[in-house]
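Visitor: I'm new to reading protein models, and I'd like a close look at one single part of this one. Could you walk me through the annotated active site and then show me how it sits in the rest of the chain?

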Amino acid sequence: MEVVIVPDAKAGGVLIAETMARLLRRKPDALLGVATGSTPLPVYAALADQVRSGAVDASRARIAQLDEYVGLPAEHPESYRSVVRREVLEPLGIGMDAFMGPDGTAEDIPAACEAYDRALAEAGGVDLQLLGIGTDGHIGFNEPCSSLASRTRIKTLTQQTRVDNARFFDGDIDQVPHHVITQGIGTILEARHLVLLATGEGKADAVAATAEGPVAAVCPASALQLHPHATVVVDEAAAGKLK
Ligand code: F6R
């Protein structure tokens with residue numbers, strides 16, 4: 001695992017966007033795995049800048065979503081499908097036909113999870129998976145004690161994660177769904193390059209456990225230590241507890 005410390009979130013966004021742009025120049029139809037939440041926004045903004053300036057053409061890129069709330073209609077502004085459309089697809093000029101994501105409204109959720117894992121494999125696998133990290137060390141929504149071999153499945157959000165995410169729902173925790181579909185840790189580890197971005201002091205404990213703790217299900221992100229090509233980009237604040 002390579003750990004790169006950058007001055008701030010914006011610099012992290014620029015660095016990762018450059019990595020994505022290099023990939024797209026080499027492989028224009030690369031499958032990019034995207035996360036939601038606040039952390040990746042500077043990455044998407046920096047990549048959109050590169051597209052606008054003509055430095056890279058992302059129009060042939062394919063986008064795979066990491067996770068989705070269960071039961072939230074796709075058109076809800078905070079469904080991850082809506083967020084990815086707004087923050088990634090539209091700014092990069094990518095159509096919905098190049099998008100794949102778990103179906104959080106499926107009647108048969110286990111079948112939808114299996115179908116998504118199959119679809120990822122049939123698409124040739126994720127070339128670069130961007131990840132954020134929860135304050136408790138979760139990646140995707142694999143909360144602590146998730147199996148390190150897990151596949152895409154339904155998970156129950158912890159109270160802490162629902163509290164953390166209430167800010168996207170007018171601060172009202174009652175509006176935050178209890179369940180999500182998330183790529184499993186085993187699924188995530190199949191991507192060719194994992195890039196985790198962590199910013200802010202609130203992530204410092206999770207970053208230290210990820211990079212310097214044992215590989216253990218209590219810190220799902222520590223599974224990145226098992227991956228042959230994992231890059232952890234942290235700002236000074238999130239790096240504050242590294243030895
Ligand atoms: C969301 C996701 C989560 C977030 C994590 C951090 O798709 O995969 O693991 O990355 O909860 O969220 P933020 O970035 O909002 O602190």
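**A close look at the active site**

Guide: Happily! Let's begin with aspartate 136: setting aside neighbours within four places in sequence, its contacts are Glu143, Pro144, Thr158, Gln160 and Ala206. Keep in mind that this is a predicted model. Aspartate 136 sits in the loop that runs between β6 (128-131) and β7 (153-156). Is aspartate 136 buried or exposed? It falls in between: aspartate 136 counts as partly exposed because it has 18 C-beta neighbours inside 10 Å, while a residue needs 20 or more to be called buried.

Now follow one of those contacts, Glu143. Glutamate 143 also belongs to the loop between β6 and β7. Its surroundings are counted in the same way: 21 other C-beta atoms lie within 10 Å, so glutamate 143 is buried. Which residues does glutamate 143 touch, leaving aside those within four places in sequence? They are Asp136, His138, Lys155, Thr158 and Thr161. Thr158 is therefore a contact of aspartate 136 as well as of glutamate 143, and Lys155 lies within the range given for β7.

Why pick out these two residues? The UniProt annotation "active site", from an unreviewed entry, covers Asp67, Asp136, His138 and Glu143. Two of the contacts of glutamate 143, Asp136 and His138, are thus in that annotation too.

There is also a ligand to look at. It is surrounded by 13 residues, and the closest are Thr36, Gly37, Ser38, Thr39 and Gly132. Sorted by class, this shell holds four nonpolar, eight polar and one charged residues.

Let's step back to the whole chain. Its secondary structure comprises seven helices and 10 strands. The radius of gyration is 17 Å, close to the 18 Å that the globule rule gives for 243 residues, so the chain is as compact as a globular protein of that length. Along the principal axes, the C-alpha atoms fill a box of roughly 45 × 45 × 35 Å. Buried residues, glutamate 143 being one of them, account for 45% of the 243 residues. Among contacts between residues at least 6 apart in sequence, 78% link residues at least 24 apart.

Finally, UniProt's unreviewed entry lists residues 14-225 as "domain: Glucosamine/galactosamine-6-phosphate isomerase". That span is 34% helix and 15% strand, and its end C-alpha atoms are 24 Å apart.

How values were computed. Residues are numbered from 1 along each chain as its sequence is written. This is a predicted model: local features need pLDDT of at least 70, side-chain atom pairs count only at pLDDT 80 or more; totals for chains, interfaces and linings use all residues. UniProt positions are given in the numbering used here, feature names are shortened, and annotations may be inferred rather than shown by experiment. Helices (H or I, at least four residues) and strands (E, at least two) are DSSP runs, numbered from the N terminus. A residue is buried if 20 or more other C-beta atoms lie within 10 Å of its own, exposed if 12 or fewer, and partly exposed in between; C-beta atoms are placed from the backbone. Two residues are in contact if their C-beta atoms, placed from the backbone, lie within 7 Å. A residue is near a molecule or strand if its C-beta atom, placed from the backbone, lies within 6 Å of it. Ala, Val, Leu, Ile, Met, Phe, Trp, Tyr, Cys and Pro count as nonpolar, Asp, Glu, Lys and Arg as charged, and the others, Gly among them, as polar. The radius of gyration is taken over C-alpha atoms; the globule rule is 2.2 Å times the number of residues to the power 0.38.
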